[in-house]
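Biologist: I am new to this structure and would like a close look at a single part of it. Please take me through the packing of some of its helices, slowly and with the terms explained.

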Amino acid sequence: MTILSLSPFAILFLYISLLDKTVSIRLSNQISDPVVDSPDRPLKSAVFALGSFWRSETAFGCINGVVRTTAGYSGGTKVNPEYRKLGDHAESVQVEYDPRVVGYRQLLDLFWSSHDSRQVFGQGPDVGNQYRSIIFTNSTEELRLATISKEREQLKSRSSIVTTQIQQLGTFYRAEPDHQKFELKQHPFLLQLIGNMAEEELERSALATKLNGYAAELCPPRVQKQIDSRVNEIIRKGWPVLKDI
Ligand SMILES: *[C@@H]1O[C@H](CO)[C@@H](O)[C@H](O)[C@H]1NC(C)=O
């Protein structure tokens, strides 16, 4: 096997593992999947409920500046909710983002454009209290921006009511591993491209966050195309690792 010439800054180490009779080559480097929570680059986080959290993660995952998404439960009172016993919680997504790249306002815009806030207690066929629409605010500034954006959304049409609630963020309970990066997990080939990460790493990975949006075809069209061509290039070269996108 020939190892392609790699940019010298990229490689810290390289290892080969045998999985499912296929050879998976895994490249770890700092550029590939930056973990950006360094003290000089503090992340912010925002929490929303907009229907199925499988889909909510994908809606936010591909946006420039979003570093990580986590599926979870929030908005209710039940302690330690689980998927089949989530009580009065709503399926939610926590979005960790770099405020120097993307702002809360843009996340709100994405929230509105990613679901139907006028459907009562549900999204499409997903009907029930757990799919209700909520903006969880965690500061007076978030509350101010959320309120303005909801008013603006309501003004777009008076024929129905925007059902979205604005609620003070309480506890956000992380959902079970099965529900994290759910869409990406339906695409074993993409998982392999990023080196079959262990669950814990997958849940923290900015690359996996983005690819999860790609897997659901919810990246902006330009980004979707860009990733398509990167994936095809890798397949053509026979180099089975996607380092960054
Ligand atoms: C909410 O705000 C508190 C205090 O500023 C902070 O410690 C916490 O991490 C925030 N929660 C989220 C989910 O951003």
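Modeller: Helix H7 is followed by Glu217, whose phi is positive, near 55°. This is a predicted model, in which local features need pLDDT of at least 70, side-chain atom pairs count only at pLDDT 80 or more, and totals for chains, interfaces and linings use all residues. Residues are numbered from 1 along each chain as its sequence is written.

Helix H7 itself spans residues 206-215 (helices, of at least four residues in H or I, and strands, of at least two in E, are DSSP runs numbered from the N terminus), and nine of its 10 residues are buried (20 or more other C-beta atoms, placed from the backbone, within 10 Å; exposed means 12 or fewer). These buried residues are Ala206, Ala208, Thr209, Lys210, Leu211, Asn212, Gly213, Tyr214 and Ala215. They pack against helix H1 (53-61), strand E4 (66-74), helix H4 (182-185), helix H5 (188-193), helix H6 (199-204) and helix H8 (221-237), where contact is C-beta atoms within 7 Å.

Helix H2, residues 104-113, has Leu107, Leu108 and Phe111 as its buried residues. Seen down the axis of H2, they fall within an arc of 100°, taken from the directions from axis to C-beta atoms, and so they line one face of the helix. On the other side of H2, Arg105 and Ser113 are exposed, while the cover over the buried residues includes strand E3 (44-50), strand E5 (90-97), E8 and H3.

What does the packing of H2 and H3 look like? The two helices pack at an angle of about 40°, with their axes 10 Å apart (lines fitted to C-alpha atoms over the stretch in contact, with angles from 0 to 180 degrees between N-to-C directions). Tyr104, Arg105, Leu108 and Trp112 make the contact from the side of H2, and Glu142, Leu145, Ala146, Ser149 and Glu153 make it from the side of H3. Leu108 of H2 thus belongs both to the buried residues of that helix and to its contact with H3, whereas Arg105, which takes part in that contact as well, is exposed.

Just before H3 comes Ser139, whose place is in the loop between strand E8 (133-137) and helix H3 (140-155). Ser139 counts as exposed because it has 12 C-beta neighbours inside 10 Å. Although Ser139 and Gln168 are 29 residues apart in sequence, they are 8.4 Å apart in space, C-alpha to C-alpha.

Notes. Contact = placed C-beta atoms within 7 Å.
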